[in-house]
Amino acid sequence: MSAPIIFLGADLSHPGPGFREEKPSIAAVCGSMNEHGTAYRAKISVQKHAETILGLTEMVKSLLIDFYRATRYKPHRIIYYRNGVSDGQFMTVLGAELKAIKVACQKLEPEYKPGITFVVVQKRHHTRFFAANRHDQVGKRSEERF
């Protein structure tokens with residue numbers, strides 16, 4: 001393994017309307033456990049309603065330890081995919097959760113500072129992407145019918 005990478009995926013699920021005071025939110029983070037990204041472990045926690053994953057530091061720390069035990073390598077890079085972030089929460093989630101990941105690394109070793117890529121994943125069923133220049137379009141549907 002030349003430059004080990006751990007892939008982390010995280011989501012936070014909240015109870016439906018009318019149940020936020022009665023039922024907790026569920027946070028989950030899964031992490032890859034091999035160089036191919038084909039084996040994963042998951043960490044799940046129950047938390048009060050919040051925009052961010054409150055126990056993220058300990059969850060990431062645990063997954064980093066699991067990765068090391070499985071591969072005998074410390075990741076040189078962390079690629080973190082975060083689902084379920086609304087447009088208005090981007091900066092809040094980025095600030096809190098990026099800090100939590102960095103703290104998890106420093107709790108393992110004060111000088112451990114892998115590169116971190118933070119990716120927010122959203123569903124936008126009605127979003128369409130088009131090339132700015134029509135000449136750059138590929139895979140255009142032919143006008144000919146089969």
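So, D66: at 10% relative accessibility, this residue counts as buried, where buried means under 20% relative accessible area, exposed means over 50%, and partly exposed is in between, using a 1.4 Å probe and protein chains only. What does D66 pair with, at 3.1 Å between the closest N and O atoms? That partner is K43, and the two form a salt bridge, meaning a side-chain nitrogen of Lys or Arg within 4 Å of a carboxyl oxygen of Asp or Glu. D66 sits in helix 1 and K43 in strand 3, so this pair ties together parts that are 23 residues apart in sequence. K43 itself is partly exposed, at 24% relative accessibility.

Before I go on, a word on what we're looking at. This is a predicted model, so local features need a pLDDT of at least 70 and side-chain atom pairs count only at pLDDT 80 or more, while totals for chains, interfaces and linings use all residues. Residues are numbered from 1 along each chain as its sequence is written, and side-chain values use heavy atoms, with hydrogens and water left out.

Back to D66. There's also a salt bridge from D66 to R41, with the closest N and O atoms 3.9 Å apart. Here again distant parts of the chain are linked, D66 in helix 1 with R41 in strand 3, 25 residues apart. R41 has 41% relative accessibility and counts as partly exposed. Put those together and you get a salt-bridge network of R41, K43 and D66.

The count for the protein is 5 salt bridges. Another one of them joins E58 and K107, with 2.9 Å between the closest N and O atoms. That one goes helix to helix: E58 is in helix 1 and K107 in helix 2, 49 residues apart. Both ends are partly exposed, E58 with a relative accessible area of 42% and K107 at 47%.

Okay, the overall layout. How many helices and strands are there? We have 2 helices and 5 strands, and along the sequence they run β-β-β-α-β-α-β. For the record, helices (H or I, at least four residues) and strands (E, at least two) are DSSP runs, numbered from the N terminus. Of the 146 residues, 30% count as buried. If you take contacts (heavy atoms within 4.5 Å), those between residues 24 or more positions apart make up 62% of the ones with a separation of 6 or more.

Now the inside. The largest nonpolar core has 24 residues, and L8, V29, I53, L56 and Y80 have the most contacts inside it. By nonpolar core I mean a set of buried Ala, Val, Leu, Ile, Met, Phe, Trp, Tyr and Cys residues joined through side-chain atoms within 4.5 Å. Two or more residues each come from strand 1 (5–13), strand 2 (25–32), helix 1 (56–71), strand 4 (77–83) and helix 2 (90–108). Which element gives the most? Helix 1, with 6 residues. If you click on L8, leaving aside residues up to four places away in sequence, you'll find it touching V29, C30, G31, V60, L63, I78, I79, Y80 and Y81.

On the outside, I26, I44 and V46 make a nonpolar surface patch of about 300 Å². V46 belongs to strand 3 (residues 40–47), and at 57% relative accessibility this valine counts as exposed. Patch residues have over 30% relative accessible area and no salt bridge; like charges are joined within 9 Å, and nonpolar side chains (Val, Leu, Ile, Met, Phe, Trp, Tyr) within 5 Å.

One backbone oddity: R72, not a glycine, has a positive phi of about 70°. Most residues other than glycine have a negative phi. Where is R72? In the loop between helix 1 and strand 4, and with 57% relative accessibility R72 counts as exposed.

Toward the end of the chain, K123 is in the segment after strand 5, exposed with a relative accessible area of 64%. The C-alpha atoms of K123 and N83 are 8.9 Å apart, with their positions 40 residues apart along the chain.

Last, confidence. The average pLDDT (the predictor's confidence in each residue, from 0 to 100) is 88, and 88% of the residues score at least 70. Among the elements, helix 1 has the highest mean at 98, and strand 5 (residues 115–121) the lowest at 94.

Definitions and conventions:
Accessible areas come from the Shrake-Rupley method with a 1.4 Å probe; for residues, only the protein chains shown count as cover.
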